[in-house]
Amino acid sequence: MYDDDNGNGAYDTGELQLGTGQNPNDDNGTVTFSGLNETIQASTNVNWIVLTNLNGTASNFETFRVSFSNSTHITAAGDDTGDPIYPDGAPVQGGLFTVGAVGSLSLTTGSNNPGVGTENPGAQNVEMLQLKLSASGVENIRITSITFTADGTGNDLTDLNDTGNGVSLYRDINNNGQLDAGDTQIDIQRIYSGNNGTVTFTIAADTIDAGTSENWLVVYDFDAAIANGITFRVGIFNASQISSIGVNSGLSITETGFPVVGPYKTIDAVGSLTLFAGDYNPGVSDINEPVSYTHLRAHETVLELVCRLLLEK
């Protein structure tokens with residue numbers, strides 16, 4: 001118990017302790033501060049504040065309150081008369097405090113986050129980011145929405161799929177950083193708000209158990225008509241881009257670990273050359289024939305490479 005000199009209801013450094021610290025005699029019991037010698041001047045008042053220390057074993061939602069129940073719980077006397085004083089105003093109750101430990105959620109790149117690489121125009125189901133979400137051991141965490149931000153020289157609004165809906169989010173069930181048949185989709189395929197814009201996935205029911213983690217995959221579908229040399233990247237940059245709630249506490253969670261960003265993917269269509277027998281390739285012939293030739297024609301690729309080869313003898 002302390003003399004609350006400034007009457008602010010909070011313990012401040014330097015305030016005088018009254019008596020010594022005590023332990024309650026029982027659950028919902030009493031505690032007595034004895035040996036006090038405090039004088040309250042006539043027509044004045046003082047504020048005393050009672051502090052409690054929890055030992056760390058209380059469970060969530062347990063409650064605590066301190067009260068002064070009746071006038072027999074204080075011993076006082078008039079300074080001049082020496083007669084007993086019986087104060088009125090009881091009971092006086094403090095506020096009801098509820099233990100409510102709140103969980104936390106940390107975000108990092110997964111151990112199998114995709115690396116920097118190249119992709120062809122029209123590539124589908126391209127893994128752009130493996131996001132690892134880890135709940136602390138206090139309580140389960142329910143995630144309700146998550147927003148990703150696009151980056152790079154490509155146009156994220158028009159260059160992702162012919163329909164414009166080219167961004168998907170999956171649970172990476174086996175944590176391998178690749179989209180597999182067993183991975184489950186979170187929400188529907190979405191579209192960015194604009195070039196270098198944002199995309200938000202609404203999550204109906206995804207709970208990460210206390211002390212565990214999940215890996216999620218952000219996946220792109222590229223349009224077939226995009227140009228060579230442009231780049232794409234996706235990330236989540238601050239806590240305002242994810243909403244989560246503690247299942248037990250019901251309180252909003254403050255997430256940590258930002259930013260979490262995937263690698264750049266560059267569009268790089270590379271041509272190919274295929275050789276096969278020409279339409280008039282000669283068959284088996286007599287060696288005494290004066291002229292024979294082999295005509296090889298190369299297949300033209302997407303880069304319009306043309307190669308024709310004529311060998312004569």
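Where does Asp-187 lie? I found Asp-187 in strand S14, residues 184-190; strands here are DSSP runs of E, at least two residues, numbered from the N terminus.

Notes on the model: this is a predicted one, so I kept local features to pLDDT of at least 70 and side-chain atom pairs to pLDDT 80 or more, while totals for chains, interfaces and linings use all residues. Residues are numbered from 1 along each chain as its sequence is written, and side-chain values use heavy atoms, with hydrogens and water left out.

Positive phi. Asp-187 is not a glycine, yet its phi is positive at about 65°. I looked up its exposure too: Asp-187 is partly exposed at 24% relative accessibility (buried is under 20% relative accessible area, exposed over 50%, partly exposed in between; 1.4 Å probe, protein chains only). Asn-28, also not a glycine, has a positive phi of about 55°. I place Asn-28 in the loop between S1 (2-3) and S2 (48-49), and its 77% relative accessible area makes it exposed.

Cis peptides. I checked Ala-90 to Pro-91: cis, omega about 0°. Pro-91 sits in the loop between S6 (84-85) and S7 (92-93). Phe-258 to Pro-259 is cis as well, omega near -5°, with Pro-259 in the loop between S19 (255-256) and S20 (260-261).

Core. The largest nonpolar core (buried Ala, Val, Leu, Ile, Met, Phe, Trp, Tyr and Cys joined through side-chain atoms within 4.5 Å) has 36 residues. Ile-146, Phe-148, Tyr-220 and Phe-222 touch the most other members. S11 gives the most to this core, 6 residues. Beyond four places in sequence, Ile-146 has contacts (heavy atoms within 4.5 Å) that include Leu-131, Phe-201 and Trp-216.

Key:
Helix = DSSP H or I, 4+ residues; strand = E, 2+ residues; numbered from the N terminus.
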